[in-house]
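Reader: Please take one part of this model and go through it closely, then add the other spots that a bench worker should be able to find. Give the cut-offs for each term as you go.

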Amino acid sequence: MYSKMLLLAALLGTISLGLAQSDGNECVKANAKSCGQCIQVGNKCGWCTDADFLKQGEPTSSRCDDVETLEKKGCAKINIENPHGRVKIITNKPVTNRMKDGPKVNPDQITQIAPQKLSVDLRSGEAQSFSLKFKRAEDYPIDLYYLMDLSYSMKDDLENVKNLGTDLMKEMQNITSDFRIGFGSFVEKTVMPYISTTPAKLLNPCTSDLNCTSPFSYKNVLPLTTKGTRFNDLVSKQQISGNLDSPEGGFDAIMQVAVCGDLIGWRNVTRLLIFSTDAGFHFAGDGKLGGIVLPNDGRCHLVNNEYTMSHYYDYPSIAHLVQKLSDNNIQTIFAVTEEFQPVYKELKNLIPKSAVGTLSSDSSNVIKLIIDAYNSLSSEVILENSKLPEDVSIVYTSHCKNGVSETGENGRKCSNISIGDEVTFDVVITAKGCPSKGKSETIKIKMQGFTEEVEVVLNFICECACHNEGIPKSPLCHFGNGTFECGACRCNDGRIGQKCECSTDEVRTEDLDANCRMDNGTEICSNNGDCICGTCECKKRDNPEERYSGKYCQCDNFNCDRSNNKLCGGHGECICRVCHCYANYTGSACDCSLDTSTCLAKNKQICNGRGECKCGVCKCTDPKFQGATCEVCPTCPGVCAEHKDCVECRAFKTGAKAETCMKDCMYFEMVTVNSREELPQPGDEPYITHCKEKDASDCWFYYTYAALNDTKVVHVVTPTECITGPAVIPIVAGVVAGIVLIGLALLLIWKLLMIIHDRREFAKFEKEKLNAKWDTQENPIYKSPINKFQNPSYGRKGVAL
């Protein structure tokens, strides 16, 4: 796993650097004068040590280029200096698998992080990576120091803390069998305006009816001990003191607890500092109120376990405290009352590996607070490193529980870590240039709150291996005016030139300039270079791929003919403004291909035998043909129709050319076969055309036409196929008879349908006549015009009107 991760990280570093260099060849732009300067540009740069590598007019810096380009320019791989970094593990003790009920071991023998020491060789721009493994050991020793505010407002809290030693020892037995506890107290600086300096108040700062101890800054009451009863006894003897202002001098006390390790008794184990108070705090700058202007020096000033320089040094700053707590691997738990929770939570965000707990008004919950805060702190592991050398960067990737991986700032930590859990961190270190002037540097990597450290020795690759083989005062460098190393001269001070042949005082003289003019012209180095020591050193172009060369810089590799907007058509190399074409290409711009495959027709002929292949393109000799392979002839008949008359005349002695057959039709060889199955098939010879034509007798004949370069072959089936025509008269008579019969049948069907219809109508009429109810002599629609009326006075005689 380690080797795979290392390879991946190195590859990622190489890729990222390659992307950064995509805007141009940084190796060339760096204008490196030596191998050491070259390899510091980037991890892709190499230096050619071949003494004969440079062409005329090329400067020494042309030896520096990316490795691939150097090989293309003729530098053998064995002559290219391109060193690489590596990671070497020096100390790698395995992590401790310790059980709580196992044999007790010395804390120095417990290992929670591996490996412990590495050596890393760094080359500029090349990332080197390694893995760190951390396993939280079971039954790991703990040192706990209880630092308490003994100002008057903490009077009731002191009563509950007096039995803290034995009670806390019992609780901590569930976590570790190796536990030590200590106690310290603080009040305030012993100067105005923090305390009253009247003689009476210096003896008893409280009211007259209360007995308080004299004010003090910080006292180390009990160094760390395994005896809980000793803690109880000494704490029971403590008395409350008093001061004038609300903020306390707790920062002075924290600083002394952090830096006075020997007097406190800290071991190289988990170090917990419990800071208990019900007030705020003074910090750097507040000392000016008491006339104290000297910054806190961060040193131990305990005399007889009491801080004696509180009146001399200012309070420490938060940043100063953070540094000292981190340097001494102390994890801080702020046990404060509800009122000051917001203040100390902000402070917690500034101090790594710290926690805040809510202290009850009388400190009765202090044990639960300590246990909860410890579990919270110990469940999170955070990597940190010492100050890095300039131009060195470090990146972490964490692999935590349940397959969770993080990068960036979150790559430094893993959360929810239980005892026995194992996590891994990938560390990638990259250098730019040659930091620290090539001297080795050592950085430390550790887990916050733990004393164990990983020592990483950084060795910077600032010179090539050939540097050590340099020959001082070499005769190759103009009578010993330089050191010949890595295939080139490194000139002594005051000397210049490829061979150190010139003094800096001689650089601009007319005699030397004359050697840089071609054909006694006026232009020095063809205006493409500088005359140095009578030798032209050609200028570099913005595009590192473009170069001037030649004794007078009269040549270049970018002013040749172009084709398709490509230099030398992309098929050659521009040397001194002339294209030198690759194989199978010719022409001034290498745009003429000698490859005839593009002219090959489907029948395997070059241009179908109708043209010449020039520069990969068919030039048809017959103007009536066109197309990519002269296959198209818009005005020509088909192949079959074109050769039909000649085939007919030669095979059957008939047709339009029967009389001129011997004159016009002897341009092909003819082979006769007896059946169509004997004709050549296209699968065998794809350039064959199969034909079917009619002769003068309306008989079909079959043949094939094959043209391969200048040879034309015709295979013809000699028996023709004459098909007898159909009997026209019987067919016509049959058709006419059929039409007549169909017509008669249709008439008969129509007549039958009409008879059926008429009979149905007549039957319907008869039925309606039988259903009539009126007399046959009376018209049912007739109405008489006569009306009769009777006069009632006249009797029964009617009068007709």
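Author: What follows starts with one helix pair and then moves to the pocket, the cavities and a few single residues.

This is a predicted model, in which local features need pLDDT of at least 70 and side-chain atom pairs count only at pLDDT 80 or more, while totals for chains, interfaces and linings use all residues. Residues are numbered from 1 along each chain as its sequence is written, and side-chain values use heavy atoms, with hydrogens and water left out.

Helices and strands here are DSSP runs numbered from the N terminus: H or I over at least four residues for a helix, E over at least two for a strand. Two packed helices are described by the angle between their axes and the distance between the axes. The pair in question is helix α6 (residues 164-172) with helix α8 (residues 228-236), whose axes lie 6 Å apart at an angle of about 150 degrees. Axes are lines fitted to C-alpha atoms, for helices over the stretch in contact, and angles run from 0 to 180 degrees between N-to-C directions. Angles under 35 degrees count as roughly parallel, over 145 as roughly antiparallel, 65 to 115 as roughly perpendicular and the rest as oblique. The two helices are therefore roughly antiparallel to each other. On the α6 side the contact is made by L164, G165, T166 and M169, and on the α8 side by G228, T229, F231 and N232. Contact means heavy atoms within 4.5 Å. By class, this contact has 3 nonpolar, 5 polar and no charged residues. Ala, Val, Leu, Ile, Met, Phe, Trp, Tyr, Cys and Pro count as nonpolar, Asp, Glu, Lys and Arg as charged, and the others, Gly among them, as polar.

Within α8, the buried residues are G228, F231, N232, L234 and V235. Buried means under 20% relative accessible area, exposed over 50% and partly exposed in between, with a 1.4 Å probe and protein chains only. These buried residues of α8 pack against α6, and also against β8 (142-149), α5 (155-161), β9 and β10 (218-225).

Next come the open and closed spaces. On a 1 Å grid over the protein atoms alone, a cavity is a set of points where a 1.4 Å probe fits but cannot get out; a pocket is an open set with protein on both sides within 12 Å along at least five of seven lines, and lining residues have an atom within 4 Å of a point. Grid points are joined across faces, edges and corners, and a volume is the space filled by probe spheres set on the points.

The largest pocket holds about 780 Å³ of space. It is lined by 22 residues, with E545, R547, N557, E573 and C574 closest to its centre. Strand β33 (572-575), α4 (67-72) and β30 (555-556) each supply at least two lining residues, and the largest share, 4 residues, comes from β33. The lining of this pocket has 6 nonpolar, 6 polar and 10 charged residues.

There are 4 cavities of 30 Å³ or more. The largest cavity has about 170 Å³ of space and 18 lining residues, of which V28, P59, S62, K540 and R547 lie nearest its centre. Its lining divides into 6 nonpolar, 4 polar and 8 charged residues. The second largest cavity has about 110 Å³ of space. Of its 13 lining residues, R136, Y140, T270, Y374 and S378 lie nearest the centre, and helix α13 (residues 366-378) gives the largest share, 3 residues.

C27 sits in helix α2 (residues 26-29) and counts as buried at 1% relative accessibility. The C-alpha atoms of C27 and C64 are 6.0 Å apart, although 37 residues separate them along the chain. Leaving aside neighbours within four places in sequence, C27 is in contact with V41, K44, C45, C64, D65 and D66.

The last items concern the backbone. Most residues other than glycine have a negative phi, and most peptide bonds are trans. A cis peptide bond joins A114 and P115, with omega about -5 degrees, and another joins M192 and P193, with omega about 5 degrees. C500 has a positive phi near 60 degrees and counts as buried at 0% relative accessibility. N527, also not a glycine, has a positive phi of about 60 degrees but is partly exposed, at a relative accessible area of 48%.
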